[in-house]
Amino acid sequence: MTKKGNNLIYSWKKIIIILNNYLLKIYKGASKMNIPFPIKDTIDSRRSARSYKMNDIDIDIVKSIQDFAKSISVPFEHNVEIKFFKAEPTKELYTIMKSPPLNVAFLGETDIVSISKVGFVGELIILYAQSKNISSCWFGHYKLSELERLMPHLESPDQIKESNMGYGYSKGVTAGRRAICISPLGYYEEGGLRIMDRITKKTSSYKRKAIKELLVNPNDYNNIPDDILYALDLGRKAPSATNSQMWRFGFEDSYKTIIVAMPIGYKHFKWEHPNVDIGICACHVWLGLIDKGYNPNVSVKEDSGRAVWRLTVL
């Protein structure tokens, strides 16, 4: 083949590579455009709030949150249901604090994978609300009878008896769809915090373990690509019951696949359903990958009595 022919083939190969890279950037960027809030800033600013002003949220903000809940899109099948409901300013529902006017419930089936999906999907609602300066807090130990009064959802009044001493939907897997968790939605009222809450807020609520402490194999740390570290950093900032941070990160396929799960046999001293928290963490990792321009494949399955999430970059 002549030198001119070789140059022509080389030029075409170069053009194909440039086009492939261009199309890949478009493909990766498409997913990011579906997230209607600044990912890192929203995650960094979000805090669990346990004191609220009793004011109604601006109607336009409420509508935007409700519209987002209806249009939410995630890269896996699920049947999580989002229900908004009103509550009186009493301590009947949350017991440790007064309910603001607007609240949200996250409903689903009660198997391990389903409740973990509730955590993933529900956290997107929580973060979207945060981007509108609306505070929130995941509650699994709500008063079930009061929730049923405010938002009828149980198939039978007898299901109230399945709660743990009246709080939460059940101690374990049960029949039907339940309100896995709920959250207040409202404007934060710092002056309403109890003294103990103020101490907790300043000393432990914001603290997060270092990424290396959360790795299944700490020796992986120095080999993890920067984009994956970025996603793990957002993952470690996820809220969890009593700030336990029970998730651990593992890897497959030369760090192209991130595994998010609890250690086998993990039991929380208080919260019966920590797989919800694992779903929340997986959501943060997913958002971190999107923020870096990826469109990751996401899957979850039950393994050894826990939800195991896999997020693979393409």
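**Exercise 1. Place Ala87 in the predicted model and decide whether it is buried or exposed.**

Solution.
Step 1. Find the neighbouring elements. Ala87 sits in the loop that links strand 1 (81-86) with strand 2 (102-108).
Step 2. Read the accessibility. The relative accessible area of Ala87 is 13%.
Step 3. Apply the cut-off. Buried means under 20%, so Ala87 is buried.
Step 4. List the contacts, leaving out residues up to four places away in sequence. Ala87 touches Ser99, Pro100, Pro101, Asn103 and Leu150.
Step 5. Check a pair far apart along the chain. Ala87 and Glu146 are 59 residues apart in sequence, and their C-alpha atoms are separated by 9.5 Å.

**Exercise 2. Describe the loop between helix 5 and strand 4 through Lys161 and Met165.**

Solution.
Step 1. Fix the borders. Helix 5 covers 144-150 and strand 4 covers 178-186. Met165 lies in the loop between them, and Lys161 lies there too.
Step 2. Classify both residues. Exposed means over 50% relative accessible area. Lys161 has 69%, so it counts as exposed. Met165 has 74%, so it counts as exposed as well.
Step 3. Look at the backbone. Most residues other than glycine have a negative phi. Met165 is not a glycine, yet its phi is positive, about 55°.
Step 4. Take a distance. Lys161 and Leu144 are 17 residues apart in sequence, and 9.2 Å lie between their C-alpha atoms.

**Exercise 3. Compare the span of helix 4 with the expected value, then state what follows the helix.**

Solution.
Step 1. Count the residues. Helix 4 (residues 112-131) has 20 residues.
Step 2. Compare the spans. From first C-alpha to last, helix 4 reaches 29 Å, close to the 28 Å expected at 1.5 Å a residue.
Step 3. Ask about burial. In helix 4, 19 of the 20 residues are buried, so the helix is largely enclosed by the rest of the structure.
Step 4. Move past the end. Asn133 follows helix 4 and lies in the loop that leads to strand 3 (135-136).
Step 5. Describe Asn133. Its phi is positive, about 65°, although Asn133 is not a glycine. Its relative accessibility is 60%, so Asn133 counts as exposed.

**Exercise 4. Describe how helix 7 and helix 8 pack.**

Solution.
Step 1. Choose the quantities. Two packed helices are described by the angle and the distance between their axes.
Step 2. Read them off. The axes of helix 7 (residues 226-236) and helix 8 (residues 275-291) come within 7 Å and cross at roughly 145°. This crossing of helix 7 and helix 8 is right-handed.
Step 3. Name the residues. Helix 7 contributes Ile228, Tyr230, Ala231, Leu234 and Gly235. Helix 8 contributes Cys281, His284, Val285, Gly288, Leu289 and Asp291.
Step 4. Sort them. The contact holds seven nonpolar, three polar and one charged residue.

**Exercise 5. Summarise the whole chain and say where confidence is low.**

Solution.
Step 1. Count the elements. The protein chain has eight helices and eight strands.
Step 2. State the burial. Of its 314 residues, 49% count as buried.
Step 3. Sort the contacts by separation. Among contacts with a separation of 6 or more, 73% join residues 24 or more positions apart.
Step 4. Check the confidence. The mean pLDDT of the chain is 90, and 85% of its residues reach 70 or more.
Step 5. Find the weak stretch. Over residues 21-31, pLDDT stays under 50. For that stretch the model has nine contacts beyond four places in sequence.

How values were computed: Residues are numbered from 1 along each chain as its sequence is written. This is a predicted model: local features need pLDDT of at least 70, side-chain atom pairs count only at pLDDT 80 or more; totals for chains, interfaces and linings use all residues. Side-chain values use heavy atoms; hydrogens and water are left out. Axes are lines fitted to C-alpha atoms, for helices over the stretch in contact, and angles run from 0 to 180 degrees between N-to-C directions. Helices (H or I, at least four residues) and strands (E, at least two) are DSSP runs, numbered from the N terminus. A crossing is left-handed if the near helix is turned anticlockwise from the far one by less than a right angle, and right-handed if clockwise. Contact means heavy atoms within 4.5 Å. Ala, Val, Leu, Ile, Met, Phe, Trp, Tyr, Cys and Pro count as nonpolar, Asp, Glu, Lys and Arg as charged, and the others, Gly among them, as polar. pLDDT is the predictor's confidence in each residue, from 0 to 100. The expected span of a helix is 1.5 Å times one less than its number of residues. Buried means under 20% relative accessible area, exposed over 50%, partly exposed in between (1.4 Å probe, protein chains only).
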